[in-house]
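Ready for a few exercises with a new structure? Take a look at the picture and the sequence, then work through the tasks at your own pace.

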Amino acid sequence: MKKSHGVVYSALLLLLGSVCSQAQQSSASTRDGDSNAGSQAVSNVSGTGTQRTLPQCSGQASRLPVSIAGACKPVLAGTQTQQLSNDLPLHDDGAIYVEFVVPGSACEASFPLCTTPVAINLFGAVTGYYADTNASLHGFVRAPFGTITTFDGPGATCPSYFSTCTTPVGINLQGAITGYYCDAVTCHGFLRAPGGAIIAFDPPGSVFTDSTTGGINLAGAITGPYYDANFLEHGFLRTPRGSFTSFDAPGAVNGTSPTDINDAGEIVGLYYDANSAGHGFVRAPDGTITTFDPTGSIYTTPNAINLEGAITGSWQDASDVIHGFLRSRYGTLTTFDVPGSMDQTVPSAIDPAGTITGYFQEASGLHGFVRANDGTFTTFDPPGSEEPASKTIANGINPAGVVTGWYIDPSLLGHGFLRIPIL
């Protein structure tokens, strides 16, 4: 971790011990507006919208800073009975939870992606997508103070039910966001600056830039996949100045799909062989590509890489059971399953210290997990999630260990959440 990151990280950890602000404050929502997703709150934005009135900061009371939670009322997990409140999880994991919904989002039980966070930066800014009344997807960014700004790429269109206008995939330290959007003809990559300006881009030769995976690093370098005129998938690297490098992993026959990039410029992802089976790869800053698979894997899906070069993701065995893995910078592979998991353990993100988050399946549904760098697990479901058949998907983790993702409530509607550990 760079020294400057360490200073900010330490400051954030101190903030996590401060008192929760209980001032009532509505969150502004703008369309294509300016939302500083760094360390500052958004001000002077046009248009208004509210999150749920005083969302509960449950877990440990009176310790959540307004800079992370926004307006909230603290709730000590375990102090309410299930008969009086549905906001009590099956277990108190000692963390604070903040629930949020993008103003203007709507969903149905058959399509619960009301608010779907996908990534979080050091300061606690979150990006993701939400569904409108037509189940079409748009981008959002939630600033550290809780203000939510919605946005779409230039010329984005959602012509039909369950269509994609804009889908972010990553956010960096400064609050720059990348992802993809679709117009009336095809889909393009985008870079949204911290101030709100959006640049569209396509790698040379792309007929469809489908950055459903990929990411952006501290310097502003972006990676993701695109499709050529033969609809074959390739990886790309876009430099901060906007130049492109296209690449394919050795052995790729049916495509190369990058999934993440770290601040050192190392790219991780998967490629598809002649049988369309997935295998892992890591691309060094000099362009050298190393491929890998856990022993026994018939399909490997790397999902994230941290600054230290540690990679996490999932792999599938011959019995179709999905396991998690951790690959060190030196190539050592450790496979793991969340205790009690059935059929799948899916890591999604890793922080600089090697803490991993993701989700797993067991008899009652899908649940979130955190795996510490010593291999110990904590499992969780946010208060308010459906019980007992939970569905919790953890998608991102920042250097302070704050996790973001989404869950489904008893009405089968989706909500975004922050899980903040008490250190």
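Below are four exercises, each with a worked solution.

A word before starting: this is a predicted model, in which local features need pLDDT of at least 70 and side-chain atom pairs count only at pLDDT 80 or more, while totals for chains, interfaces and linings use all residues. Residues are numbered from 1 along each chain as its sequence is written, and side-chain values use heavy atoms, with hydrogens and water left out.

**Exercise 1.** Find how many helices and strands the protein chain has, and what share of its residues is buried.

*Solution.* Begin with the elements, which are DSSP runs numbered from the N terminus: helices are H or I with at least four residues, strands are E with at least two. The protein chain holds 2 helices and 30 strands. Next comes burial, where buried means under 20% relative accessible area, exposed over 50%, and partly exposed in between (1.4 Å probe, protein chains only). Of the 423 residues in the protein chain, 57% are buried.

**Exercise 2.** Work out which strands pair with β22, and in which sense.

*Solution.* Recall that two strands pair if DSSP finds at least two bridges between them. Start with β21 (residues 311–316): this strand runs antiparallel to β22, with 6 bridges. Within this pair, Trp315 faces His323 of β22. Then turn to β23 (residues 333–336), which is antiparallel to β22 and joined to it by 4 bridges. Here Phe325 lies opposite Thr335 of β23. Finally, check the cover of β22 itself: this strand spans residues 322–327, and 5 of its 6 residues are buried.

**Exercise 3.** Look at the hairpins that involve β22 and find which residue has a positive phi in each.

*Solution.* Take the hairpin of β21 and β22, with 5 residues between the strands; in its turn, Asp320 has a positive phi of about 65°. Move on to the hairpin of β22 and β23, again with 5 residues between the strands. In that hairpin, Gly331 has a positive phi near 100°.

**Exercise 4.** Locate Phe162 and Phe231, and decide whether each is buried or exposed.

*Solution.* Phe162 sits in the loop between β7 (148–151) and β8 (166–171). Its phi is positive, near 60°, in a residue other than glycine. Phe162 counts as exposed because its relative accessibility is 51%. Phe231 belongs to the loop between β13 (222–227) and β14 (233–238). Although Phe231 is not a glycine, its phi is positive at about 55°. With a relative accessible area of 52%, Phe231 is exposed.
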